[in-house]
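This report walks through a single protein model, taking its metal site, its pockets, its strands and a few backbone features in turn. The sequence and the structure are shown below for reference.

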Amino acid sequence: MKIKILGSAAGGGFPQWNCACANCSRQRAGCGGVQTRSQAQAAIFPHSGGCFLLNASPDLRTQILSTPLLSPSHPPRDTPIAGVILTSADVDSVAGLLHLREFQPLRIFATRSVRRIVLEENRIFRVLDRANPPAVWQDVSLDTWFSLDTTHTPTGETSPRCRMVSLGGAYPDYVTDTLRKSLPPEEAVVGLVVTQSEKQFFYAPTLPGRSGGWKDLAQSSDVCLVDGTFWDENELISSGVGLKTAREIGHMSLAGEGGLLRALGSSCSGRRILIHINNTNPILNEESLENRQVRDAGWEISYDGMEIEL
Ligand SMILES: [Zn+2]
């Protein structure tokens with residue numbers, strides 16, 4: 001299986017259009033040491049063929065166009081994209097579904113709660129029903145394996161399997177109180193475990209850090225690609241761009257006692273890679289001490305266009 005990073009930044013991308021933080025200003029000034037990043041988007045290409053998108057970022061159209069592996073190969077209309085797997089109903093995870101509205105049959109895997117939020121709170125996503133056949137939503141139960149097969153799967157090839165694990169996060173702010181009260185909290189934010197050919201991949205672009213079950217999965221995976229949103233718990237406050245801490249908006253920070261670097265140390269057996277990096281995060285500056293600290297601790301920082309063979 002190949003994993004391709006189509007976008008590595010958190011919501012807003014890097015630079016963010018209305019942000020003049022140190023990193024965004026540095027990028028605009030052309031000082032070097034920083035590279036432009038689109039909003040977090042990963043895709044997996046199983047040995048068995050086809051492609052599955054992990055979430056659907058607001059930058060998805062541009063990300064598909066800049067990835068030759070995702071070009072159509074047969075006239076009149078075609079795509080290797082067989083489906084989309086959603087880890088939350090956050091705007092950053094679902095907005096890109098609207099880029100897939102060009103009458104393309106798709107499967108969309110999500111928890112029942114995420115599917116309800118997308119379709120019941122936001123009727124605009126019903127535009128996906130125009131395809132023939134219409135987009136098929138598959139409700140996924142937590143901790144249950146499901147197959148990522150495609151119509152192109154050659155005989156003898158085993159399709160990858162995926163399961164969703166609860167990460168203990170919260171539903172997005174835009175969800176109405178009425179719907180929110182009817183949804184089980186454990187279905188709000190999930191991580192994905194994907195396996196094929198005895199290799200395991202763990203994907204969690206949002207790690208709220210409120211439960212610990214994900215650590216074993218991350219440590220036992222050949223590749224874990226996880227939440228690198230914030231360096232410091234108070235980063236938004238100290239940068240002057242927000243009033244909430246990292247945890248208050250659903251992300252473990254990287255540094256500090258309760259941070260990700262300490263939680264997931266050298267006990268990992270595989271590659272540890274950060275994604276969903278906020279534009280305020282000092283690790284984006286390749287000349288910063290924080291960038292050095294992350295790499296010295298054995299972590300990699302993903303970038304747009306990065307390919308990972310598994
Ligand atoms: Zn910024």
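The sections that follow describe a predicted model, beginning with the metal site.

## The zinc site

The zinc ion is held by three cysteine sulfur atoms, the SG atoms of Cys19, Cys21 and Cys24, together with the side-chain oxygen OD1 of Asn279, and the coordinating distances run from 2.2 to 2.3 Å. Along the chain these donors are spaced as C-x1-C-x2-C-x254-N, a pattern in which 254 residues intervene between the last cysteine and the asparagine. The angles among the four donor atoms span 98 to 120°, and the site is classed as tetrahedral. As a point of reference, the ideal angle for four tetrahedral donors is 109.5 degrees.

Two of the cysteine ligands can also be described by their accessibility, for which the cut-off for burial is under 20% relative accessible area. Cys21 counts as buried because its relative accessibility is 8%, and Cys24 is likewise buried, with a relative accessible area of 0%.

## The largest pocket

The largest pocket has a volume of about 870 Å³. It is lined by 37 residues, and those closest to its centre are Asp90, Asp92, Ile249, Gly250 and His251. Helix α3, which covers residues 91-94, gives the most to this lining, with three residues. By residue class, the lining of the largest pocket is made up of 16 nonpolar, 15 polar and six charged residues.

## The second largest pocket

The second largest pocket encloses about 490 Å³ of space. Its lining comprises 18 residues, of which Ile64, Thr79, His99, Leu100 and Glu102 are the closest to the centre. Here the element that gives the most to the lining is helix α2 (residues 60-65), again with three residues. The lining of the second largest pocket divides into eight nonpolar, five polar and five charged residues.

## Strands and their pairing

An open sheet of seven strands runs in the order β7-β8-β9-β10-β11-β12-β13, and its pairing is mixed. The edges are formed by β7 (146-147) and β13 (299-301), and because each of these has a single partner strand, one side of each is left without a neighbour in the sheet. Within this order, strand β11 (residues 223-227) pairs with strand β12 (residues 271-275) in the parallel sense over five bridges, and Asp227 has Ile275 of β12 as its bridge partner.

Parallel pairing is also found among strands β4, β5 and β6. Strand β4 (residues 81-85) is joined by three bridges to strand β5 (residues 107-110), with Gly83 facing its bridge partner Arg107 in β5. Strand β5 in turn pairs with strand β6 (residues 136-139) over four bridges, and in this pairing Ile108 stands opposite Trp137 of β6.

## Cis peptide bonds

Two peptide bonds that precede proline are cis in the model. One of them runs from Phe14 to Pro15, with omega near -5°, and Pro15 lies in the loop between β1 (2-7) and α1 (22-29). The other joins Asn132 and Pro133, with omega of about 0°, and Pro133 is found in the loop between α4 (112-121) and β6.

## Positive phi values and a residue after β14

Positive phi values occur at two residues other than glycine, Asp143 and His276. For Asp143, phi is near 60°, and this residue is placed in the loop between β6 and β7. For His276, phi is also near 60°, and the residue belongs to the loop between β12 and α9 (289-296). His276 counts as buried because its relative accessible area is 9%.

Is Leu310, which is found in the segment after β14 (307-309), buried or exposed? With a relative accessibility of 14%, Leu310 counts as buried. Leu310 is separated from Thr144 by 166 residues in sequence, and the two are 22 Å apart in space from C-alpha to C-alpha.

Conventions: Residues numbered from 1 in each chain as written. Predicted model: local features only at pLDDT ≥ 70, side-chain atom pairs only at ≥ 80, totals over all residues. Heavy atoms only, no water. Donors = N, O, S within 2.8 Å, 3.2 Å for Na, K, Ca; no water. Tetrahedral: all angles 85-135°; square planar, octahedral: opposite > 155°, others 65-115°. Buried < 20%, exposed > 50% of the residue type's maximum accessible area, 1.4 Å probe, protein only. 1 Å grid on protein atoms, 1.4 Å probe; cavity = no way out; pocket = protein on both sides within 12 Å on 5 of 7 lines; lining within 4 Å. Points joined across faces, edges and corners; volume = space filled by probe spheres on them. Helix = DSSP H or I, 4+ residues; strand = E, 2+ residues; numbered from the N terminus. Nonpolar A, V, L, I, M, F, W, Y, C, P; charged D, E, K, R; others polar. Pairing = 2+ DSSP bridges.
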